[in-house]
Structures are given as structure tokens and as C-alpha cells.
Amino acid sequence: MSKTKTAGITHYEILFIVPNKFTDDEAKTVIGQIEKIITDNEGQITHREYWGKKRLAYEIKHNAFGYYGLFEFDLEGKNLATIDQALRLSTDVLRHQIVVKKAKTEEEVAQETKIRAKIDSKKAAAEKKQEEKAKILSSSPAVSKSKEKTDKRVDLKDLDEKLEGILNAKDLI
Amino acid sequence: MTNKKTKECYFCVNNLDVDYKDTRTLRRFINFYMKILPAARTGVCAWHQRKLTAAIKRSRIMALLSATHK
């Protein structure tokens with residue numbers, strides 16, 4: 001989260017925690033208020049998420065649970081400080097974090113999907129190869145392995161018997 | 001527990017962005033004591049390791065990840 005006043009519109013993402021003292025419906029109204037704070041400062045919300053009640057990784061002000069909400073919005077940099085200040089002073093928000101998020105253009109998204117498809121096809125090919133190798137390997141040596149295992153068990157039994165014998169002998173001494 | 005097999009950067013190979021909300025993938029780069037693992041051990045490239053440490057710290061602030069194991 002930057003506090004510097006940058007010119008021009010940037011894409012931000014805000015994640016916040018509403019404390020557990022509210023019910024689920026009340027938390028949603030609080031989230032509505034947060035949305036209003038952003039829109040009042042000439043922010044345009046492009047994406048909304050509500051994660052619901054989640055356990056916090058550690059207690060914050062004796063709250064073990066919290067309602068998570070997330071917004072993505074476009075805003076002029078100079079208005080960010082007022083939003084940040086309003087949320088920091090609010091007692092209805094446990095914690096919030098504003099992060100600059102890179103807005104992806106359509107070209108970038110298309111390129112990413114292309115690369116993703118390539119990677120997936122490569123992975124599938126690699127898995128096929130491994131399966132073929134496993135098939136060849138599993139035919140013969142598996143049997144011998146099982147035999148070895150049984151042999152070892154027999155050895156262990158013998159050892160146990162020997163040990164007992166030695167212990168008994170020591171008692172005699 | 002050194003993993004000699006993974007020498008490639010997880011984020012470069014899979015063409016992924018480091019996201020502080022995605023705790024499941026962040027967990028791969030944290031040990032039992034919730035400490036950030038060195039790049040030499042996880043195989044993450046230097047560019048992504050910088051993004052990764054920032055992301056883990058962000059998720060710690062938002063109580064998505066714990067800073068300690070208790």
C-alpha cells in the first residue's frame with residue numbers, strides 16, 4: 001500500500017476483515033458501507049468478492065474469526081489516502097490492505113491462455129511417458145522384491161530368537 | 001529434506017503470478033515453523049523469490065497465514 005500521491009488512475013485491490021461481533025447479514029451491510037466510501041471518493045469498483053466467515057491465522061483484538069471481503073477498483077492516486085484513513089479509523093473494520101494490482105489487457109490474457117495450453121499439453125505428454133515406463137518396470141522386478149521382503153522377516157525372527165537366547169544366558173551368569 | 005529434483009522455478013514453469021491470497025501455493029515455500037524457505041532449496045528464481053517473500057508477508061498481515069507455528 002503506497003501513501004504517495006501518484007497522478008493518473010491506477011487499479012487497486014483491497015482486502016479487509018470485518019470482526020466477528022457482526023452476524024453474516026450485518027457484515028454484508030458493513031461491506032456495503034466500505035463500498036460507499038470507495039465510490040464517494042470517485043473510485044470505480046470493477047470486481048467484488050465475499051469470502052464469508054473464516055478462521056484467522058491468529059487472533060486480532062480477541063477475534064478468532066472474521067468476514068473477509070475483497071474489492072478491485074480504479075481510483076485516482078491522490079484519493080487513496082482518504083480511503084485508507086477512513087478505513088483505519090473505522091471500528092467496523094479489523095484490518096485492511098490496499099495493493100496496487102496490474103490490470104491485464106485482453107492481449108495479455110490471450111497470450112497467457114496460449115502459454116497455459118502449451119504447458120498443459122507438455123505435462124500430459126510427460127505423464128504418458130512416465131506411465132509407459134512404470135508399466136515396463138512393474139512387469140518383472142515386483143515379484144522378486146516381495147520375495148526379498150519375506151526373507152528379511154524370517155531373518156528378523158531368527159535374530160529375535162538369538163537375542164532371547166543371549167539374554168537368558170546372561171541371567172544364568 | 002533437500003529437494004534436488006526441483007531445480008526449475010515453480011512460477012516460471014507454470015506461468016503463474018504470485019498471489020498473496022493463494023495460501024495453498026504459498027505453503028509450498030514455508031517450512032513447519034512458518035519460516036520462508038530459501039530460494040536455493042525451493043528452486044524459485046530470484047525475481048519470483050522477491051515477489052514471494054512480499055506475498056507471504058502480505059498474507060501474514062491479513063491473518064491468512066500465521067507468522068509462527070503455534
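# Two chains, one shared core

Trainee: In chain B, what share of contacts between residues at least 6 apart in sequence join residues at least 24 apart?

Mentor: The share is 69%. Two residues are in contact if their C-beta atoms, placed from the backbone, lie within 7 Å.

Trainee: And what share for chain A, counting contacts between residues at least 6 apart?

Mentor: In chain A, 77% of those contacts join residues at least 24 apart.

Trainee: What kind of model is this, and how is it numbered?

Mentor: This is a predicted model: local features need pLDDT of at least 70, side-chain atom pairs count only at pLDDT 80 or more, and totals for chains, interfaces and linings use all residues. Residues are numbered from 1 along each chain as its sequence is written, while chains are lettered from A and ligands numbered from 1 in the order in which they are written.

Trainee: How many helices and strands are in chain B?

Mentor: Chain B has four helices and zero strands. Its elements run α-α-α-α from the N terminus. Helices (H or I, at least four residues) and strands (E, at least two) are DSSP runs, numbered from the N terminus.

Trainee: What about chain A? How many helices and strands there?

Mentor: Four helices and four strands. Along the sequence, chain A reads β-α-β-β-α-β-α-α. The domain assignment splits chain A into domain 1 (9-103), domain 2 (104-139) and domain 3 (147-173). Those bounds come from an automatic or database domain assignment. The C-alpha centres of domain 1 and domain 3 of chain A are 68 Å apart.

Trainee: Back to chain B. What is its radius of gyration?

Mentor: Chain B has 12 Å, which agrees with the value near 11 Å for a compact globule of 70 residues. The radius is taken over C-alpha atoms, and the globule rule is 2.2 Å times the number of residues to the power 0.38. Along the principal axes, the C-alpha atoms of chain B fill a box of roughly 30 × 25 × 15 Å.

Trainee: What percentage of chain B is buried?

Mentor: Buried residues make up 24% of its 70 residues. For chain A, the figure is 14% of 173. A residue is buried if 20 or more other C-beta atoms lie within 10 Å of its own, exposed if 12 or fewer, and partly exposed in between; the C-beta atoms are placed from the backbone.

Trainee: Which residues touch the most other members of the largest nonpolar core?

Mentor: Ile14(A), Phe16(A), Ile17(A), Val18(A), Leu52(B) and Ala55(B), out of 32 core residues. Strand S1 (9-19), helix H1 (24-40), strand S3 (63-76) and helix H2 (80-89) of chain A, together with helix H4 (46-61) of chain B, each supply at least two residues. The largest share, six residues, comes from S1(A). A nonpolar core is a set of buried Ala, Val, Leu, Ile, Met, Phe, Trp, Tyr and Cys residues joined through C-beta atoms within 7 Å.

Trainee: Tell me about H4(B). How many residues has it?

Mentor: H4(B) has 16 residues. From first C-alpha to last, H4(B) reaches 23 Å, close to the 22 Å expected at 1.5 Å a residue. The expected span is 1.5 Å times one less than the number of residues. Buried residues in H4(B) include Leu52(B), Ala55(B) and Ile56(B). The buried residues of H4(B) pack against strand S4 (95-100) of chain A, and against helix H1 (10-13), helix H2 (23-26) and helix H3 (39-42) of chain B.

Trainee: What does Leu52(B) contact, beyond neighbours within four places in sequence?

Mentor: Val18(B), Phe29(B) and Val44(B).

Trainee: Is Met62(B) buried or exposed?

Mentor: Met62(B) is buried, because 22 other C-beta atoms lie within 10 Å. Met62(B) sits in the segment after H4 of chain B. Leaving aside neighbours within four places in sequence, Met62(B) contacts Leu15(A), Ile17(A), Arg95(A) and Gln97(A).

Trainee: How many residues of each chain are in contact across the two chains?

Mentor: Nine residues of chain B and twelve residues of chain A. The chain B side has five nonpolar, three polar and one charged residues. Ala, Val, Leu, Ile, Met, Phe, Trp, Tyr, Cys and Pro count as nonpolar, Asp, Glu, Lys and Arg as charged, and the others, Gly among them, as polar.

Trainee: Last topic, backbone angles. What is phi of Lys61(A)?

Mentor: Near 50°, a positive value in a residue other than glycine. Lys61(A) lies in the loop between strand S2 (44-60) and S3 of chain A. Lys61(A) is exposed, because just 8 other C-beta atoms are within 10 Å.

Trainee: And phi of Met34(B)?

Mentor: Near 65°, also positive. Met34(B) is in the loop between H2 and H3 of chain B. With 16 C-beta neighbours inside 10 Å, Met34(B) counts as partly exposed.
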